[in-house]
Structure formats: C-alpha cells, structure tokens
Amino acid sequence: MNTDLTQDGLLSIGHQALHRWRQTLERNLGENAPACLQEIGAAAGEEIYAAFHQWLPSHTGLSDPGELDAEKFGEVLSAFFAQLGWGELVVERLGLGGLVITTTDWAEAEPEAGVAYPCCFFSSGLFADLLSRLAGAPLAIMEVECRSRNDPECRFFAGAPATLEAAYQAISSGQDYRAVFES
C-alpha cells in the first residue's frame, strides 16, 4: 500500500543533489562539514519519525513502533527507507549493546567518490535521531564502512554514546571492537 508521506513535511531530492550537497559543504567548510551534515541529518529525524509512525499501520497493522517485534524491526525499517528511495537495510544485533545497519545501495553513498573515510554524515545524524526516538533513549551512530570509500557496503554501528566512543577507541588502536558491545 502506498502512503502519502508528504503530509509529514517530507520532500524528495535526487541522489546527485545529495552528493553535491556533501561535496559543497566539504569544499566550503572543510573539517567542519561532517558535524554540519550530521546536525542537519539529526534535524530531519523528527519528520522521518513522524512519517514512519504514519506509514507503519498500513504496512504492519501496528499503530505504535514500540509494538514491532524485534525480529521484524530491520525488515520493516528497510521497507520504509526503500519506499522513500534511500535504499534497503539489513539491521542486526551487535552483541548485547548495539545494532549494525548494513546497506549495499544507500542513496547518500557515492561509490565513484573514492574518499579516504566513511562519509554518510547526513545518514549518521538521521539514524541517530530516528533510532533514539524509536528506542526512547539516546543512541549514537558510527559509520565504519562506506561505499564512497570503495567498501562493498555502508555499515553503521548504533549504540549508547559511551559504547560507541569505546568502540571508536578500540578500532583506532587496532583492537577488536566486538568486546565493547558485549557489556
């Protein structure tokens, strides 16, 4: 069933515009661009959450996202983002304290960019806000693989801010990050 999501303030822009947006901010803001894009993404979270809440009943029969079975959450979230044109997601548990979101066709990724680091900054902010609203607790997002960096997929970790900070420290020092998510 097709649900009109524009009543929640959503609008569509093309992939190329999204890519140019990132490129322009990086060129003009330099090292401040990632934080700016994350902030803009987070600001989009409220409207995306409202659209998800409106879309959910017609696709699952549930009126409250909190009623979603944990096993179906990833599939439902993927269907929602695919309908919006962002791409399909695979959402899996990461230890006891996190999630991993993987996608091979994410709209923000620009495979031909060949950048040196993951750069789906808008999506990181968007996921952080949306998942925090769905979880009812603050969550952070860290992109660890990116198709813009020539990785085969974009991969995001989601978890409590302190957990993600510890995972970042582990990755930066060459340690296994998985132990961080087990506690």
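Biologist: Where does Asn150 lie?

Modeller: This is a predicted model. In it, Asn150 sits in the loop between β3 (140-145) and β4. The phi angle of Asn150 is near 75 degrees, a positive value in a residue other than glycine.

Biologist: Is Asn150 buried or exposed?

Modeller: The cut-off for exposed is over 50% relative accessible area. Asn150 has 55% relative accessibility, so Asn150 counts as exposed.

Biologist: Now the interior. Which residues have the most contacts inside the largest nonpolar core?

Modeller: The general idea comes before the case. In soluble globular proteins, nonpolar side chains tend to be buried together. Here the largest nonpolar core has 40 residues, and those with the most contacts inside it are Phe52, Leu77, Phe81, Leu89, Trp106, Phe127 and Leu131.

Biologist: Which elements give two or more residues to this core?

Modeller: They are the helices α1 (15-29), α2 (33-60), α3 (70-84) and α4 (121-135), together with the strands β2 (98-103) and β4 (154-159). The most comes from α2, which gives eight residues. Another core, of 11 residues, lies apart from this one; Val100, Ala140, Leu164 and Val180 are among its members.

Biologist: What is Trp106 in contact with, leaving aside neighbours within four places in sequence?

Modeller: Trp106 touches Phe81, Trp86, Gly87, Leu89, Cys120, Ser123, Phe127, Arg147 and Cys154.

Biologist: Two cysteines are in that list. How many disulfides does a search of the whole structure find?

Modeller: Zero. To count as a disulfide, two cysteine sulfur atoms must be within 2.5 Å. For Cys120, the closest cysteine sulfur is in Cys146, 3.8 Å away, and that is too far for a bond. Cys154 is in no disulfide either; its nearest cysteine sulfur belongs to Cys120, at 3.9 Å.

Biologist: Are Cys120 and Cys154 buried or exposed?

Modeller: Buried means under 20% relative accessible area. Cys120 has 0% relative accessibility, so Cys120 counts as buried. Cys154 is buried too, with a relative accessible area of 0%.

Biologist: Last, a helix pair. At what angle do the axes of α1 and α2 cross?

Modeller: The two axes cross at roughly 140 degrees and come within 8 Å. That crossing angle makes α1 oblique to α2.

Biologist: Which residues make the contact between α1 and α2?

Modeller: From α1 they are Trp21, Arg22, Leu25, Glu26 and Leu29, and from α2 they are Ala33, Cys36, Leu37 and Ile40. By type, the contact has seven nonpolar residues, two charged and no polar.

Terms used: Residues numbered from 1 in each chain as written. Predicted model: local features only at pLDDT ≥ 70, side-chain atom pairs only at ≥ 80, totals over all residues. Heavy atoms only, no water. Core = buried A, V, L, I, M, F, W, Y, C linked by side-chain atoms within 4.5 Å. Buried < 20%, exposed > 50% of the residue type's maximum accessible area, 1.4 Å probe, protein only. Helix = DSSP H or I, 4+ residues; strand = E, 2+ residues; numbered from the N terminus. Contact = heavy atoms within 4.5 Å. Axes fitted to C-alpha atoms, helices over the stretch in contact; angles between N-to-C directions. Parallel < 35°, antiparallel > 145°, perpendicular 65-115°, else oblique. Nonpolar A, V, L, I, M, F, W, Y, C, P; charged D, E, K, R; others polar.
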